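Visitor: I would like a close look at a single part of this model. Please take me to the place where the two chains meet, and then show me what lies around it.

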Amino acid sequence: MTGGELEILKGISLEIKSGESVAIVGASGSGKSTLLGLLAGLDQASGGRVVIGDTDLGQLDEDGRALFRGREVGFVFQSFQLLPALTALENVMLPLELQGQANAREQAAHYLERVELAERVSHYPRQLSGGEQQRVAIARAFAARPTILFADEPTGNLDTRTGSHIIDLLFELNREEGTTLVLVTHDQTLAARCERRLCIEAGELVAAA
Amino acid sequence: MSMTATRMLARDWRGGELGVLVMALVLAVGTVAGISAFTTRLQSALEQESHRFLAADAVVRSSRDLPEAWLREARGRGLRLARTLSFPSMVYAGEEAMYLASVKAVSDEYPLRGELTRSEEPFGEIRPARAGPGPGEVWLDSRLFPLLDVAVGQRVGIGDAEFTVTAAARTEPDQGASFYGYGPRVLMHYGDIPATGVVQPGSRVEYRQLYAGEPESVTAFAGWLKPQLVNGQSLLDVNDGQPGIGSALKRAESFLLLAGSLAVVLAGVAIALAARRFSERHNDYVAIMKSLGATSAAVNRLYGRSLLLLGATATLAGCLLGWGLQAMFFQLFAEQLPVKPGPSGLRPYAIGSATSLTCLLCFAWPPLRRLAQASPLRVLRRDLPLENRRTLGDYSLGLLAVSLLMWWYSGDWRLTLAVLAGLAITVALGLCLALTLLRGGRLVGMSAGSIWRLALAGLQRRGTANALQVVIFAMAIMLLLVLLLVRTSLIDEWQMQLPEDTPNHFIINIGPEQVQAVDQMLRQQQIASEPLYPMIRGRIMSVNGEELPQTEDRTQDRRQRESNFTWSTTLPGDNRLAAGRWWDPETTEALVSLESGYAERLGVGIGDTLGFLVGSRPLQATVASIRELEWQSMRPNFFLIFPPRLLADYPATFMTSFHLEASDKRFLNRFIREFPTVTVIEMDVVVEQVRSIVRQVSAAIELVLVVILAAGGLVLVAGVQASVDARMQESAILRALGARRRLVLGGLLIEFATLGLFAGLLATVAAELSVYILQTWVMDMHYAPSPRIWPAGLVCGSLLVGGLGVFSCRKVVSSPPLALLREL
């Protein structure tokens, strides 16, 4: 994979099985976020292919990938990425509404209850702590029932204790929903909880454990 | 998604980001609709006003009796009718007193439009009258009372009939201002004419039929009537109304339309700026929504809906504001406007809404539409460049839209061009000057203190953005200066035209032997009068030996007709020489000086020879000069001026004009007793009417100016806000690193003030150019450079922009830096 004159990722070939949990580890700037962006269809590769299920992401245009993301992919980000204009409930409802689901409100309420935020449905993101915001983000990610969940440094902005609580929640839900989990982190303990670890260094896959 | 649109708008409203966008829209719609409604209503009021000067909607006049069949036809069409007959006649009182008066007999329905006034005693308090004198009654002009030595209740004779004097006749709506044959007025009943026996075939009389009704019926009737008019009969319509008020209001209307056009431009710029900032801030939201599966179409729908919702609300609010504005204008006018303003209809609000739609489509939508192209990758990498850069296409679209709106709105392409020229100069100069000066700042910065170095470094780092900002500030300041300048010169000119001591009385028919005595009496009373001008009645007969047509048709420019001549050794004070040379005072040559409009209508120029008939003697003269003069000045003005020696042998009377306060009016009684043959014409009511309308129009103009100033201020706020984010971040980092409050704020102040200074400079240059074009080509005024605005433009520019900048960034020193950095 080359990006203009600067090659960010090169010669990466990997297969992730359905239901598997995989950690991509590496130092800052090693290219792990770029890889995640490509895998999730947030970005388009200048070469090579990304296939999820039967879908070749390279064959889709941006709108096609958006629809695909809405249907198949869930996200948890380091900086939460909640919409400040919407309440916790509305944030969780958003992907369901985008898919045109009728009972968005009930489903969203269910998942917020699942992440133990039933009391805070009508709070705005700025009224929530970091850990609470990340739990809303997790509820949002699972509410759309994705087949594959991407998490980018999900504990990066949280303290250790809150972080480990979030991780517990993430793995628990992942197990219950049978979702494929791909997470990017430089946190070795977090990586250790995944079934498989991929190590990336200067844009190359150097070790798989 | 619609819930999301409302939510998003609600949150952005609370966040203050929508404020400028909404305010700009509301102001644009409000000023455009308000000004348009105001001018529409004023126009219909003016139309009524000009009908007032005819005392009807249409009038036919003739020196012979008019067919009864026309009255029947008009009645059949549902029109109201009245008849008048004017003729000169001797009026007798007692044994000896008699005087030549201008008698007017009116039917019961007169006047159909406007107001007839009377007073219970001569020069007494003026009261409106519902109709003219009844049968057997007459009303006399105030000055006839001393001349005939009669009082109300006594009898006077006209021809074979006797009448009781029941009031003093004061004003008639269709009085006119023709001096010739203007004897003191006697009003009588139309039905009493036969009894007097004074109207015989061949008498010098003027018959009039007056018609009034629904505009369509009047137009249709006039269309039916026109082909039947024979020589000597003419149809008068609104265009024959009073010109004095007309031209003042015409310019006021131009000014208001200009102001409205500027409101459109200013609002467009403010909307563009606000929408751009709005879209920049929404890039991250769009990225999140796209990562969650929103397609470009869905994003477009969301923002489209938001814009629609916003537009609809703001348009509604704007229309309300517009309605309020025009209502306020008329509140100002209410006392002075002699007629009720007409309805405005829905058109002004349609124009306002169209403005809103155009502004939204051309200024707000392009940056928002590009939001849909924001990369979802921003959820992972916030440092990605923003997608919504404005393109040349956007600017061209906006410019085109603004030009078309301005043109549609003002209906005047010269006005549009004048403003566009100013804007173009601002942009061109702005980009050159700003880039050069900002680059040059590096040298200064090295030797200055640290606040200055900080500010100049900031100016240079954001060079391109700053240049753009200077242009935007300059545009706003320029438009405000243009408006301010045009307003000031308009009001100055009006006040100069009709100052407090404007002559409001004319005296004519002063015999040569009376000149000295009249002059002396005026002086004794300490009345400042114009010089006494000789006046000779004459008739133009030929041009370069070619006989002019003999016709009564007043629409014909080239015809034999009567005018007042005068002679003078010098060019009268308020006249300007447009062509040719003024003659030597001692000249014996046969020369003449023409008023420019007169020369134009006759199609003659310098060197042409004109033939006249004065009394029964022919006279030939060569055109030596052409003069321009102000007909509204209420001073004696003449179409034709000759050298004194040429007219020395012809019989002349003299005339002058002077100002008389209402409280001194009884002086006229004494004056008339002293000089019974002299005619006094009272113009004080008309002058006061024009003056008060001008005062009110000036007030309306000031009000509009305030509204536009608000629009301009909004552009400045939007412009400052547009750059606040980047500056806030830098300042927050500076604060975090320990910079003192004074350094940070001082740096920001200098940075913004410098931008404002450059903007003020550009604005002043461009405003001068724009005002030059406007005054020379559009408003028909004399252009004079205005050195006063130079310092004003510079100082206001730097103070306003500097102040606003610091105000917008004040948060940076009042909040903890960490909180700020998190927020940004």
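Guide: Let us start with the polar contacts. This is a predicted model, and between chain B and chain A it has 2 residue pairs in polar contact, both at pLDDT 80 or more. Which parts of chain B are on that side? Three helices each supply at least two residues of the side that touches chain A: α1 (2-14), α7 (243-291) and α8 (296-333) of chain B. Of the elements there, α1(B) gives the most, with 6 residues.

Now look for salt bridges. Across the interface of chain B and chain A, the rule finds 0 of them.

Next, count the residues. Chain B brings 24 residues to the contact, and chain A brings 28 residues.

How much area do the two chains bury? The size of an interface is often given as the accessible area lost when the parts come together. Here chain B and chain A bury about 2400 Å² between them. Carbon and sulfur atoms hold 67% of that buried area.

Turn to chain A as a whole. Its fold has 7 helices and 8 strands. Chain A is 209 residues long, and 52% of them count as buried. Take the contacts in chain A between residues at least 6 apart in sequence: 69% of these join residues at least 24 apart. Chain A exposes about 9400 Å², and carbon and sulfur atoms supply 46% of that area.

Go back to chain B, to a nonpolar patch on the surface. Its members are Leu400(B), Leu404(B), Trp407(B), Trp413(B) and Leu417(B). Together they have about 590 Å² of accessible area. Two helices of chain B give two or more residues each to the patch: α10 (392-410) and α11 (413-447). The most come from α10(B), with 3 residues. Pick out Leu400(B), which sits in helix α10 of chain B. Is Leu400(B) buried or exposed? Leu400(B) counts as exposed because its relative accessibility is 53%, and the cut-off for exposed is over 50%.

One last stop: Thr609(B), in strand β18 (residues 609-614) of chain B. Its relative accessibility is 25%, so Thr609(B) counts as partly exposed. Which residues does Thr609(B) touch, leaving out those up to four places away in sequence? They are Ser542(B), Val543(B), Asn544(B), Gly545(B), Gln620(B), Ala621(B) and Thr622(B). Take Val543(B) from that list. Thr609(B) and Val543(B) are 66 residues apart along the chain, yet their C-alpha atoms are separated by 6.0 Å.

Key
Residues numbered from 1 in each chain as written. Chains lettered and ligands numbered in written order. Predicted model: local features only at pLDDT ≥ 70, side-chain atom pairs only at ≥ 80, totals over all residues. Heavy atoms only, no water. Helix = DSSP H or I, 4+ residues; strand = E, 2+ residues; numbered from the N terminus. Buried < 20%, exposed > 50% of the residue type's maximum accessible area, 1.4 Å probe, protein only. Contact = heavy atoms within 4.5 Å. Areas by Shrake-Rupley, 256 points an atom, 1.4 Å probe, with all protein chains shown as cover. Patch = residues over 30% accessible without salt bridge, like charges linked within 9 Å, V, L, I, M, F, W, Y side chains within 5 Å. Salt bridge = Lys/Arg side-chain N within 4 Å of Asp/Glu carboxyl O. Buried area = accessible area lost by both parts, 1.4 Å probe. Polar contact = N/O pair within 3.5 Å; in protein donor to acceptor, adjacent residues only side chain to side chain.
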